[in-house]
Amino acid sequence: MSFSKTQNTELYVYSGIVESYLGKRASTVVSCLIDYGRLSLKDLVKRTKMQGVLVKKTLVSLIQLNCISVWEETNFRSTTTFYSFREDGALLMLYSGEIISHIEEIYNNDPSTTQIVQNFLSLGNLTISDYIASLGALDAETIDKLERCFMQLVRDKFLVPVQKSHFYPVKDLWMKTMKAAYLQVPNGAALSELKRTAEAKEKAKLQFFNILNAEPEALYLKDKATSILKINSNISLTFNLKRYMKSRRSIQLAQLCSHRVGKVTSKVFYKALLHDEKNSPDVVNLLHQIGLTNEEIVLGSHYEPLQNNLFAAKDIVKNIDFSLDNSIVTGVTKRTQPTAKLNNTKRIKLENGDYGTVTGNGDMDGDDDSDDEDDFDDMGEGFVQNGAPLATVDQHLRILTNSSIPFLKKENSSYYIPYPELMIHLKRSLSDSIISSTLGSPCARIMRCVRGNRLVSEKFISSTALLREKDARSLTSTLVKYNMLQIQEVPKTADRAASKSVFLFRVNEKHGNNTLKTNICWNMGKILEKIALLKAENAQLISKINRDDVKGKELEYLLPSELTQLKKMNDTELMLTTKLHRLISLWEVFKFY
Amino acid sequence: MDEAQKLHEAMLKEPENTFFSEPELRHIAGVESAADLMVIVQVLLNKSLVKLAKQNGELRFQAVDPQEAAKRSNMSADEAMIYSHIEASGREGIWTKTIKARTNLHQHIVLRSLKSLESQRYIKVVKSVKFPTRKIYMLYHLTPSIEVTGGPWFTDGELDSEFVDSLLTIIWRFVTGKTFPKVFQTEMSLSNNPLYAPSYKNYCTVVEILEFISKSQVTSEELIENDIRSLCEVLVYDDKFEKVSLDCYRSTMQSVVDLKEERMENDFSIFDSASFMASEEASEDVVYFDEYQL
């Protein structure tokens, strides 16, 4: 069976990546499940037109690699097992290369840690004892070292214990929890149906998170001899994609920061992002996945950080491993107003009952905000606070809070990262930068003009964005073509005649981002297809270089023409893979954030 | 006759375009009855030296310059009528179709009259920015209003984008110099460019930018604060400026990055357009963003 690749771009990518890793059969099963949704084994056999045994074999490996989730449903007669596609496994395949290089980077090229992660990526779920046994006879020191690596990875949440709930589709799990919670709420005449559902939803949300975040008992064991904590070697572990996505988010936010604020400040910001990164909120809000409406999910502006997400400059300064000297310059800090007299001050009562003074320029002294402590009222310029890292870091953090994009927010004397709000800015900046680098900067100008003024006419665009009318017209139509702008028709006459109507433009970010997402996704699929094609074209050569006798002795066994072909193939593959990863880093912004 | 001349001279002594009521004129002319005044005014009217107008339901009189009157006396009745409509439109100008509708004259006559008036340099055609296809007439000596010309950004009814762009660049450089320290020093790399302390407040206001533009004499156009404000807005739309507070702007880091075309990261960054792979047109593997849509 085959699926049209144009019907669903994600199907195109996922089936491509699964095919390249697990072969044609697995790809067929995955495509079928993406296309039809949840299927029982019987249906799966029927739709894939494969033998039942083969389907079962394929399902086992796909489940092991987190590509498929399983759900049992019992009705009055029998129990049916349903299989549905799970993105995590396919995403791990897509990201595998980057995950390994990221792990290498953060654990300072420790080969054991990298090897562990590599094995978990290729094998799915494993227990520590299985892993150690597979390496053959090892001395106690090596085992100890490996156990320490595991401990580190589990503590950093890159590896998480496998729970039963891991294999369930989230939507089914939610429905079941919700159903149970609903039945628990007593059905009385005093309680309206609406209230009953709302109450049940609140209860279900708590239970749902408890199920998903539950940690198995005895995950950590204390070594009796040394009283050192180690991971229970009989509990299955798996690689945590959510944790890796947090790292991706941190990298992208730091890159955004370097373009919006400055390189040195972005380095400080990256350290702030890394501070307690493992406990930061998930990249994908689970509540979005289970189809709760917006009111039921805390909106970006109402985001409240957890206690451990708060930090101060002193928490960051200990991680700073680069020089911050000469990174902050004092300039003119107070605006001089020629008309304002120096002694033009008046006392006003502050909220806390104290008195402060307001000077002619509106600056308030005596407030409890520490902002003015560091005011330098000199008129010259000079570098400050060389060799005083804490103060400099604090200055950088304050620059981040003052930025037009809220990289940091201040709560009392601590800072926190307002993730939900930042993600909106990240997406917006990226789509703007894609527009200006592909369609040209005048298009980006129009986009921002329309976004800033909400609903505008073509004439308004040309007069405020100072563009020629004919240019503005052609550029807006280009933007409309790519779903970046929407047209709204405003009828002028009672008969709503189209000829008399006025057409206004507005931005619908959701539609625009979706278009970008689908287009990028399609390109990713296309590249995966090209890589597969390249391998098929060179199948003979690949089989030859994979032969045991040829491996490592290519120069001896390959003909000069074959060597040229091999080099060309490798170059093309490298280029395509680079393109693929660049596209993934764009795609993930619109897909997850 | 002398009385009429005296009255006319007395009326001209008053500020231009003054409207006189009947009692005022009687006072100036020194006559008692309205009938006597009307005889004198009729003489002036015959020579087109006085114009009549109605204000709040009362008849008012306005003196006309003798040169202007001479102009009018040379015109035919149709031409005079059209001329008066054009004169009434002031600096806004009037469209030929409106003239035709208001005067109820045949198109041929209107066109002929307009041609004759134009050849005598009494009126001129102006291009309107709002309605580029319309032929708009106004008095020869008047300067078209901002609505008609489109303001300082328009030259001959066309947006002068080169002028706008050069002003945008000048303003951006001025503001950027005040937003980032030592930003235009060539040896300064973006990777270690210092920033002003968060308490720094010396960002540019519209007034300061206007002052800078006027001092540097980059343009002969008379610019006002509003013009600078609209330029700053365009720079905000270009992501080169961000608003700090009302009428106060600072440059964005991105604009400096774009200018220097320097890579901010060693690795690939989705925001670093300088790190994008250059596409080779001939290559088969070029990825087109909109391939799916097409």
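Which residues does Ile446(A) touch, leaving aside those up to four places away in sequence? In this predicted model, the list runs to Ile461(A), Ala465(A), Ala472(A), Leu475(A), Thr476(A) and Leu479(A).

**The cores**

Ile446(A) makes a good way in, since it is among the residues with the most contacts inside the largest nonpolar core, together with Val30(A) and Met524(A). That core counts 142 residues, and the top contributor to it is helix H5 of chain A (residues 87-106), which puts in 8. Another core, of 16 residues, lies apart from it, and its members include Leu117(B), Tyr122(B), Ile136(B) and Tyr137(B). As a rule of thumb, nonpolar side chains in soluble globular proteins tend to be buried together.

**The winged-helix span**

Now for the annotated stretch of chain A. An unreviewed UniProt entry labels residues 432-507 of chain A "domain: DNA-directed RNA polymerase III subunit RPC3 winged-helix". Helix makes up 53% of that span and strand 18%, and its end C-alpha atoms sit 12 Å from each other.

Chain A also has an open, antiparallel sheet of 3 strands, ordered E16-E18-E17. Strands E16 (456-457) and E17 (485-490) of chain A are at the edges with a single partner strand each, so one side of each has no neighbour in the sheet. Two strands of this sheet, E16(A) and E18(A) (residues 502-507), are joined antiparallel by 2 bridges, with Val456(A) facing Phe505(A) of E18(A).

**Where the chains meet**

Between the chains, 63 residues of chain A are in contact with 43 residues of chain B. Several elements of chain A each supply at least two residues to its side of this contact, among them H11 (241-260), H12 (263-274), H15 (389-402) and H20 (509-537). The largest share, 7 residues, is from H23(A). Here is how the chain A side splits by residue class:

| Class on the chain A side | Count |
|---|---|
| Nonpolar | 21 residues |
| Polar | 25 residues |
| Charged | 17 residues |

There is strand pairing across the two chains as well. E9(A) is linked by 2 bridges to strand E9 of chain B (residues 195-196), and the two run parallel. Within E9(B), Tyr196(B) is the residue opposite Val329(A). In general, strands of a sheet pair through backbone hydrogen bonds, either parallel or antiparallel.

**Chain B by domain**

The domain assignment splits chain B into domain 1 (2-64), domain 2 (75-150) and domain 3 (158-275). How far apart are the C-alpha centres of domain 2 and domain 3 of chain B? They lie 44 Å apart.

Note on methods:
Residues numbered from 1 in each chain as written. Chains lettered and ligands numbered in written order. Predicted model: local features only at pLDDT ≥ 70, side-chain atom pairs only at ≥ 80, totals over all residues. Contact = placed C-beta atoms within 7 Å. Helix = DSSP H or I, 4+ residues; strand = E, 2+ residues; numbered from the N terminus. Nonpolar A, V, L, I, M, F, W, Y, C, P; charged D, E, K, R; others polar. Pairing = 2+ DSSP bridges. UniProt positions renumbered as here; feature names shortened; annotations may be inferred. Domains from an automatic or database assignment. Core = buried A, V, L, I, M, F, W, Y, C linked by C-beta atoms within 7 Å. Buried ≥ 20, exposed ≤ 12 C-beta atoms within 10 Å, placed from the backbone.
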